[in-house]
Amino acid sequence: KGRGSGKNAAGAPSQWCARVLEAAHEVLVKAVERRGMADAALEWRACAALFAAGEVALLREARPTSALVVHVQALTSPTTPSAAPAAPAAAALKQEPGVSQNGSAGIGCAAAQGHPDLATSRGAPAQPQATAGCALQGHAWLCLGKLCLVDEGLAKRVVPLFVQELQRSPSPVVRNNCLVALADMCIHYTAMVDGYLPRLAGLIRDPHELVRRQALALLANLLMKDYVKWRGGPFPPLSPS
């Protein structure tokens, strides 16, 4: 055998997961401090940090800190000058959103890929030139959704924010990622999200074609797998396009 094993080099899963979360948090702190002034390289690093933090949290090997969650939620807001943007997020997170020991372990629904304007929906971060403010915001919403999958208390507090963003965000990336996160939470916390089904169904009329397709695919998946029930037609009328 060579010098040391990969396991010894990386340490226990809980150790390297904690290191990844800590490193991601350091990047997010810089991104929040320089929000609205960050260069493309920092924005790309922040997108990568959000992606890594969400995926590592789903492993349930290390406990995301409340400070990490606050900074993730701070980055879900539209780009503004860096004037303590984490304060509203801190107010929304009154309890420490640690990782619970039960629940489900991952994102289940597929999202649109291979399209430039929705490239940040589910896969690895986009390249620096595509990482504008809405891309960073989209990654933040998706990361927050993953954190919710391992913390039911956090999900209860922020699900209304996801639903609100579906209605008001001008960015198709943000609307798409909020939809994906809510669909996944509907699988794991059905009763919590089921009441918002008509609003999710409303995205079938979204002005962006890929968001409409995503909404139809996700809602059809939830119905076919019996996570939600048909209640006299929550879907808006459909017409061929």
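Helices here are DSSP runs of H or I, at least four residues long, and they are numbered from the N terminus. Keep that numbering at hand for this tour. The model is predicted.

**Stop 1: the whole chain**

Show everything as a cartoon. The protein has eleven helices and zero strands. Along the sequence the pattern reads α-α-α-α-α-α-α-α-α-α-α. Now colour by burial. Of the 241 residues, 48% count as buried. Next, think about contacts between residues at least 6 apart in sequence. Among these, 74% join residues at least 24 apart.

**Stop 2: helix H4**

Select residues 66-74, which form H4. Is H4 enclosed or open? Seven of its nine residues are buried, so H4 is largely enclosed by the rest of the structure. Pick out the buried ones: Leu 68, Val 69, Val 70, His 71, Val 72, Gln 73 and Ala 74. Keep H4 selected, as the next two stops add helices that pack with it.

**Stop 3: H2 against H4**

Add residues 13-33, which form H2. How do H2 and H4 cross? Their axes come within 9 Å and cross at roughly 40°. That makes H2 oblique to H4. The crossing is left-handed.

Now show side chains. From H2, select Leu 21, His 25, Leu 28, Val 29 and Val 32. They meet Ala 67, Leu 68, His 71, Val 72 and Ala 74 in H4. By class, this contact has eight nonpolar, two polar and no charged residues. Look at how the H2 residues are spaced along their helix. An α-helix has 3.6 residues a turn, so residues three or four places apart point the same way.

**Stop 4: Leu 28**

Zoom in on Leu 28, in helix H2. Buried or exposed? Leu 28 has a relative accessibility of 0%, so it counts as buried, the limit being under 20%. Set aside its neighbours within four places in sequence. Leu 28 is then in contact with Ala 46, Ala 49, Leu 50, Leu 68, His 71, Val 72 and Leu 75. Draw a line from the C-alpha of Leu 28 to that of Val 72. The two residues are 44 apart in sequence, and the line spans 7.2 Å.

**Stop 5: H6 against H4**

Hide H2. Add residues 133-149, which form H6. The axes of H4 and H6 lie 8 Å apart, at an angle of about 145°. This crossing is left-handed. On the H4 side, select Val 69, Val 72 and Gln 73. On the H6 side, they meet Ala 140, Cys 143, Leu 144 and Leu 147. The contact divides into six nonpolar, one polar and no charged residues. Val 72 is worth a second look: Val 72 takes part in this contact and also in the contact of H2 with H4.

**Stop 6: Ala 40 and Gly 133**

Select Ala 40, in helix H3. Ala 40 is partly exposed, with a relative accessible area of 40%. Then select Gly 133. The two residues are 93 apart along the chain, and their C-alpha atoms are separated by 9.6 Å.

**Stop 7: H8 beside H11**

Select residues 172-188 for H8 and residues 209-224 for H11. Which way do they run relative to each other? The angle is about 5° and the axes are 10 Å apart. H8 and H11 are therefore roughly parallel.

In H8, show Pro 172, Asn 176, Leu 179, Val 180, Ala 183, Cys 186 and Ile 187. In H11, they meet Val 211, Gln 214, Ala 215, Leu 218 and Leu 222. This contact divides into ten nonpolar, two polar and no charged residues.

**Stop 8: cysteines**

Stay with Cys 186. Its relative accessible area is 2%, so it is buried. Jump to Cys 17, which is buried too, at 1%. How many disulfides are there? With a cut-off of 2.5 Å between cysteine sulfur atoms, the count comes to zero.

**Stop 9: two positive phi angles**

Select Arg 60, in the loop between H3 (40-58) and H4. Arg 60 has a positive phi of about 60°, although it is not a glycine. Its relative accessible area is 24%, which makes it partly exposed.

Finish at Asp 226, in the segment after H11. Asp 226 is not a glycine, yet its phi is positive, about 65°. Asp 226 is partly exposed, at 47%.

Notes: Residues numbered from 1 in each chain as written. Predicted model: local features only at pLDDT ≥ 70, side-chain atom pairs only at ≥ 80, totals over all residues. Heavy atoms only, no water. Buried < 20%, exposed > 50% of the residue type's maximum accessible area, 1.4 Å probe, protein only. Axes fitted to C-alpha atoms, helices over the stretch in contact; angles between N-to-C directions. Parallel < 35°, antiparallel > 145°, perpendicular 65-115°, else oblique. Contact = heavy atoms within 4.5 Å. Nonpolar A, V, L, I, M, F, W, Y, C, P; charged D, E, K, R; others polar. Left-handed = near helix turned anticlockwise from the far one by under 90°.
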